[in-house]
Amino acid sequence: MATATEPATLTHWIGGRSDPRPAERHHEVTESATGEVVARVPLAGPEVVDEAVTAATAAAREWGESSLATRTKVLFAFREQMHARRDELAKIVTREHGKVLADAAGEVQRGLEVVEFACGLGHLLKGEMSAQVSGGVDSYSLRQPLGVVAGITPFNFPVMVPMWMVPVALACGNAFVLKPSEQDPSASLLMAGMLAEAGLPDGVFSVVHGDRVAVDAILGHPGIAAVSFVGSTPIARHVYETGTAHGKRVQALGGAKNHAVVLPDADLDLAADALVSAGYGSAGQRCMAVSVAVCVGDVAEPLLAAVRERIAALRVGDGTEAGTDMGPLVSDRHRAKVAGLVDAGAGEGAELLVDGRGLEVAGHEGGHFLGPTLFDRVRPGMAVYDEEIFGPVLVVVRTESYDEALTLVNESPYGNGAAIFTNDGGAARAFEHDVSAGMVGINVPIPVPMAYHSFGGWKGSLFGDLHVHGPDGVRFYTRNKVVTRRWPDPSQRGVDLGFPTSR
Ligand code: NAD
């Protein structure tokens with residue numbers, strides 16, 4: 001166990017066990033609420049990635065050919081493990097990430113729901129059949145696993161985002177190499193142990209820790225057929241371009257700047273609750289956080305009053321303590337970046353209504369805290385509008401009309417989520433149809449789809465064609481094969497050099 005003076009040394013997980021080899025490079029993992037170093041995580045070089053891929057390749061064939069019943073049994077057992085140890089997982093997330101325990105428990109629950117979806121995956125692997133496409137000829141399709149696939153995940157959901165990928169890929173019959181965020185890597189090791197306990201054969205799931213060196217080794221490795229990535233837009237673009245240049249199937253989910261449009265007829269209490277919850281939950285470190293409120297017509301004054309009232313009631317502190325609404329940011333570096341953007345916003349003429357930069361949490365002077373921050377009269381061209389802040393900063397843009405608001409949302413280079421608050425069904429329907437975003441909320445601020453739908457954005461929020469989990473996840477982790485079959489029938493013999501057509 002780590003103490004203040006002795007951080008734990010984490011290991012990779014390869015071939016079904018921890019891999020205790022000494023590493024040349026490490027990253028120091030901090031407890032976000034105190035700033036204390038709690039673990040040292042090894043940063044893999046290409047040779048470690050290669051060993052994980054070799055173990056995965058050796059295991060992939062047998063796993064891919066195992067019966068659906070066998071795979072389902074392992075996933076059910078994994079589901080039981082995760083369910084039984086969900087509090088332990090949530091505590092690890094809170095410690096390293098900083099989000100409050102209830103939020104961490106919610107993340108574990110949403111990850112579990114994808115495991116549960118994967119337990120029933122046989123339903124989506126059935127393929128399609130057309131009888132008698134020609135005389136005595138049938139045609140049918142099969143979906144087969146890809147082999148070894150990899151996942152590269154961000155710091156902000158160290159349980160849920162790996163679970164968007166791993167259970168679906170395994171249920172489809174693939175072996176999986178996970179490269180979690182080096183900032184909060186411990187949860188991935190706990191889940192690796194649970195998969196082993198659940199009966200997953202050695203090598204089918206590995207965890208390789210690392211930074212860009214490990215990522216680039218994954219992208220260039222010929223033994224990896226596909227890569228799922230979730231993280232910021234510049235890295236997502238790099239992963240997509242490099243991975244596809246190496247002939248891999250890639251889905252790379254990027255950053256976001258999610259807008260919530262509030263129309264004058266909206267229920268303003270509901271809208272204010274939603275903006276504060278989705279703007280400051282997890283200290284704004286969610287890809288589906290609302291970071292821009294677009295106030296249409298005369299809605300800004302009453303809405304801002306309601307938002308400020310709610311911000312004043314928020315309790316910021318250590319996420320493990322009962323009653324805390326918002327925890328710290330993940331690292332000191334990230335805190336400095338967010339504070340720098342708040343400086344920029346104030347310098348560019350945005351109206352700083354609530355300033356969280358000076359916040360101090362007694363007894364946690366080394367923690368990475370920054371209080372809820374609110375800007376009014378923000379415009380495109382200001383850094384606080386153009387950049388993804390990924391912190392507890394909500395910016396308000398005022399527009400004259402719905403059309404102006406829609407244009408603003410659609411001109412954003414991001415397109416993850418977008419929401420509208422209104423009681424007008426026609427306006428909501430027009431928004432749902434016209435908005436350029438992959439996930440839309442109507443009086444719902446964070447429209448994260450359930451496990452049996454797929455999650456993904458548009459524009460700079462996703463590079464690739466398929467979203468994660470749900471039906472798209474199954475398509476991503478399998479390839480289609482179409483069989484055309486007939487049984488010999490003497491009446492159909494004879495050479496015919498014409499192009500085959502149905503008869
Ligand atoms: P990040 O892009 O810094 O890191 C993501 C992963 O890439 C990590 O595993 C990291 O080790 C690796 N990485 C970092 N720098 C790299 C480099 N130069 N080359 C190769 N790999 C590199 O993202 P983050 O800070 O961990 O997470 C926050 C970001 O993720 C935000 O932009 C957020 O919007 C985004 N995100 C998006 C979604 C989504 O569904 N679209 C979900 C969660 C988070």
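Visitor: Which of the 27 residues around the ligand come nearest?
Guide: Lys-179, Glu-182, Ser-232, Gly-254 and Glu-388 do. A residue counts as near if one of its heavy atoms lies within 4 Å of the ligand. Heads-up: this is a predicted model, where local features need pLDDT of at least 70, side-chain atom pairs count only at pLDDT 80 or more, and totals for chains, interfaces and linings use all residues. Residues are numbered from 1 along each chain as its sequence is written, and side-chain values use heavy atoms, without hydrogens and water.

Visitor: What makes the ligand and Glu-388 a polar contact?
Guide: You need a pair of N or O atoms within 3.5 Å. A ligand oxygen is 2.6 Å from a side-chain N or O atom of Glu-388, so the pair qualifies. Polar backbone atoms join in too: Gly-254's is 2.7 Å from a ligand nitrogen, and Phe-155's is 3.0 Å from a ligand oxygen.

Visitor: How much of the ligand does the protein bury?
Guide: It buries 87% of the 840 Å² that the ligand exposes alone, by the Shrake-Rupley method with a 1.4 Å probe.

Visitor: Which domains supply the shell?
Guide: Domain 1 (8–254 + 461–482) and domain 2 (258–442) each give at least three residues.

How values were computed: A polar contact is a pair of N or O atoms within 3.5 Å; within protein, one must be able to donate a hydrogen and the other to accept it, and residues adjacent in sequence count only if both atoms are side-chain atoms. Domain bounds come from an automatic or database domain assignment.
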